[in-house]
Amino acid sequence: AKNGHCDVSTHDVQNKSLGQWVKQQRVLYKRNVLSSDRKQQLNSIGFIWDSVEYAWNKTFNQLCAFKSQNGHCHVSTKDERNKSLGEWVRRQ
């Protein structure tokens, strides 16, 4: 497990064909035409069916860790260490 996840982007130059395949599996899943065997196989490796939800939850967990460490959720976009988290909080 080189990358430790199953969220392969179609923008990943080194894994473009894999990213396209992942995207196609998500489409088939959403259309409810992916076989139950394939769903089970993909679920067994932690396949991410909704990459937008996955990304949101990942950042939400970062916010929870920030709050645990700092006692608040006021993440500054001026803090270089947490700039992207601060921008995410601002957009919510």
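**Pockets and helix faces in a predicted model**

Thr 10 is buried, at a relative accessible area of 19%, where buried stands for under 20% relative accessible area, exposed for over 50% and partly exposed for anything in between (1.4 Å probe, protein chains only). The structure is a predicted model, so local features need pLDDT of at least 70 and side-chain atom pairs count only at pLDDT 80 or more, while totals for chains, interfaces and linings use all residues. Numbering runs from 1 along each chain as its sequence is written, and side-chain values use heavy atoms, with hydrogens and water left out.

Thr 10 sits in the segment before α1; helices here are DSSP runs of H or I with at least four residues, strands are runs of E with at least two, and both are numbered from the N terminus. Setting aside residues up to four places away in sequence, Thr 10 touches Lys 16, Gly 19, Gln 20 and Lys 23, a contact being heavy atoms within 4.5 Å. One of those partners, Gln 20, belongs to helix α1. Gln 20 counts as partly exposed, with a relative accessibility of 39%. Along the chain Gln 20 and Thr 10 are 10 residues apart, and their C-alpha atoms are separated by 5.5 Å.

Helix α1 itself has 15 residues and reaches 21 Å from its first C-alpha to its last, close to the 21 Å expected at 1.5 Å a residue. That expected span is 1.5 Å times one less than the number of residues. Which residues of α1 are buried? They are Gly 19, Val 22, Gln 25 and Arg 26. These residues cover an arc of only 120 degrees around the axis, so they end up on the same side of α1; the arc is taken from the directions that run from the helix axis to the C-beta atoms. The packing partners of the buried α1 residues are α2 (36–44) and α3.

Just past the end of α1 comes a backbone oddity. Asn 32 lies in the loop between α1 and α2 and has a positive phi of about 60 degrees although it is not a glycine. Most residues other than glycine have a negative phi. Asn 32 is also exposed, at 58% relative accessibility.

Now for the pockets. A pocket is an open set of points on a 1 Å grid over the protein atoms alone, with protein on both sides within 12 Å along at least five of seven lines; a cavity is a set of points where a 1.4 Å probe fits but cannot get out, and lining residues have an atom within 4 Å of a point. Grid points are joined across faces, edges and corners, and a volume is the space filled by probe spheres set on the points. By that recipe the largest pocket comes out at about 240 Å³. Its lining counts 14 residues, and those nearest the centre are Asn 3, His 5, Cys 6, Val 8 and Leu 18. Helix α1 (residues 16–30) gives the most to this lining, with three residues. Sorted by class, the lining of the largest pocket has eight nonpolar, four polar and two charged residues; Ala, Val, Leu, Ile, Met, Phe, Trp, Tyr, Cys and Pro count as nonpolar, Asp, Glu, Lys and Arg as charged, and the others, Gly among them, as polar.

The second largest pocket holds about 190 Å³ of space. Among the residues that line it are Val 8, Thr 10, Gly 19, Lys 23, Arg 26 and Trp 49. Helix α1 again gives the most, this time with five residues, and α1 and α3 (51–70) each supply at least two. The class split for the second largest pocket is four nonpolar, four polar and four charged residues.

Further along the chain, helix α4 (residues 83–91) has Leu 85, Gly 86 and Trp 88 buried. Viewed down the axis of α4, the buried residues fall within an arc of 160 degrees, so they line one face of the helix. The cover over these buried residues includes α3. From α3, Thr 59 is in contact with Leu 85 and Trp 88, neighbours within four places in sequence left aside. Thr 59 is itself buried, with a relative accessible area of 15%. On the other side of α4, Ser 84, Arg 90 and Arg 91 are exposed. For Ser 84 the relative accessible area is 56%. The C-alpha atoms of Ser 84 and Lys 39 are separated by 33 Å, with their positions 45 residues apart along the chain.
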